[in-house]
Amino acid sequence: MKTALILNGPNLNLLGTREPHVYGSQTLQDVQLLCERACVANGFVADFRQTNHEGVLVDWLHEAGRLHAAGDLAGVILNAGAYTHTSVALHDAIKGTGIMLIELHISNVHAREVFRHHSFISPAAKAVMAGFGVNGYALAIAGLAGMQSA
């Protein structure tokens, strides 16, 4: 069974308390449970992680590249948080590993502050999911499953 690697960047550990009018009231633990259920329903093993450190995300993307090379990775779902708008390093790690990656945002970043409209991740991503709340994670996992058979 292939792994769906679900990576979460800075401040996502604050879900449920940080700006609930933007991000909702569900916690990161709620999101992890949602992802685990969605992975089971789609035939994947969930590997769910969160960090507030950019270099850790880069290291995890490199690890994903090794899983991909071994044929053990379905793909990566990345909610890079604010690093979406600032990190060339994440862009380069995605491009350098050749992984299939879905960029995910809980909110519709294009309806928010102008600085959130640009993504360094999007040009390297296979798809982008935004504005579906935490349910976007389950949709992205279903999307990965659909891409497996395409």
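Select L14 first: at 34% relative accessibility, this residue counts as partly exposed. The model on display is a predicted one. L14 belongs to the loop between β1 and α1. Display W60 as well and draw the distance between the two C-alpha atoms: L14 and W60 are 46 residues apart along the chain, and their C-alpha atoms are separated by 21 Å.

Remain in this loop and move to N11, which is also placed between β1 (3-8) and α1 (20-23). Its phi angle is near 75 degrees, a positive value in a residue other than glycine. N11 has 33% relative accessibility and therefore counts as partly exposed.

**The sheet**

Now show the strands as a cartoon. Five strands make up an open sheet, in the order β2-β1-β3-β4-β5, with parallel pairing. At the edges are β2 (45-50) and β5 (127-130), each of which pairs on one side only. On average, and with direction ignored, neighbouring strands of this sheet are turned by 20 degrees against each other.

Select β1 together with β3 (residues 73-79). These two strands run parallel and are joined by six bridges. To see one of the pairings, colour I6 and find its bridge partner in β3, which is I77. Keep I77 selected and pass on to β4, where the bridge partner of I77 is I102. Between β3 and β4 the pairing is again in the parallel sense, over three bridges.

Next, bring helix α2 (residues 28-41) into view. This helix lies across β1 and β2, and its direction makes an angle of about 160 degrees with β2.

**Strand β4 and E103**

Isolate β4 and colour its residues by accessibility. The strand is mostly covered, with five of its five residues buried. Rotate the view to inspect each face in turn: L101, E103 and H105 lie on one side, I102 and L104 on the other, and all of these residues are buried.

Which residue of this strand should be selected next? Choose E103, which is placed in strand β4 (residues 101-105). Why does E103 count as buried? Its relative accessibility is 2%, and the cut-off for buried is under 20%.

Show the side chains around E103. A polar contact of 2.6 Å links the side chain of E103 with the side chain of H105. Another polar contact, of 3.0 Å, joins the side chains of E103 and S119. Then expand the selection to the full set of contacts. With neighbours within four places in sequence left aside, E103 is in contact with L78, T84, S119, I121, S122, A125, A127, V128 and M129.

**The loop after β2**

Go to T51, in the loop between β2 and α3. At 7% relative accessibility, T51 counts as buried. The side chain of T51 reaches the backbone nitrogen of H53 at 3.1 Å. Not counting residues up to four places away in sequence, T51 touches N8, G9, P10, V56, L57 and W60. The last of these, W60, was displayed at the start of the tour as the distant partner of L14, with 21 Å between the C-alpha atoms.

**Helices α3 and α4**

Select helix α3 (residues 54-69) and helix α4 (residues 88-97). Their axes come within 9 Å and cross at roughly 5 degrees. The two helices α3 and α4 are therefore roughly parallel to each other. By class, seven nonpolar, four polar and one charged residues make up the contact of α3 with α4.

Which residues of the two helices meet? From α3, show E54, L57, V58, L61, H62, G65 and H68, and from α4, show A89, L90, A93, I94 and T97. L57 has appeared before, among the residues touched by T51.

Finish at V58, which lies in helix α3. Is V58 buried or exposed? With 14% relative accessibility, V58 counts as buried. Leaving out residues up to four places away in sequence, V58 touches A89, L90 and A93. For a last distance, select the C-alpha atoms of V58 and I94: the two residues are 36 residues apart in sequence and 8.5 Å apart in space.

Definitions and conventions. Residues numbered from 1 in each chain as written. Predicted model: local features only at pLDDT ≥ 70, side-chain atom pairs only at ≥ 80, totals over all residues. Heavy atoms only, no water. Helix = DSSP H or I, 4+ residues; strand = E, 2+ residues; numbered from the N terminus. Buried < 20%, exposed > 50% of the residue type's maximum accessible area, 1.4 Å probe, protein only. Polar contact = N/O pair within 3.5 Å; in protein donor to acceptor, adjacent residues only side chain to side chain. Contact = heavy atoms within 4.5 Å. Axes fitted to C-alpha atoms, helices over the stretch in contact; angles between N-to-C directions. Parallel < 35°, antiparallel > 145°, perpendicular 65-115°, else oblique. Nonpolar A, V, L, I, M, F, W, Y, C, P; charged D, E, K, R; others polar. Pairing = 2+ DSSP bridges.
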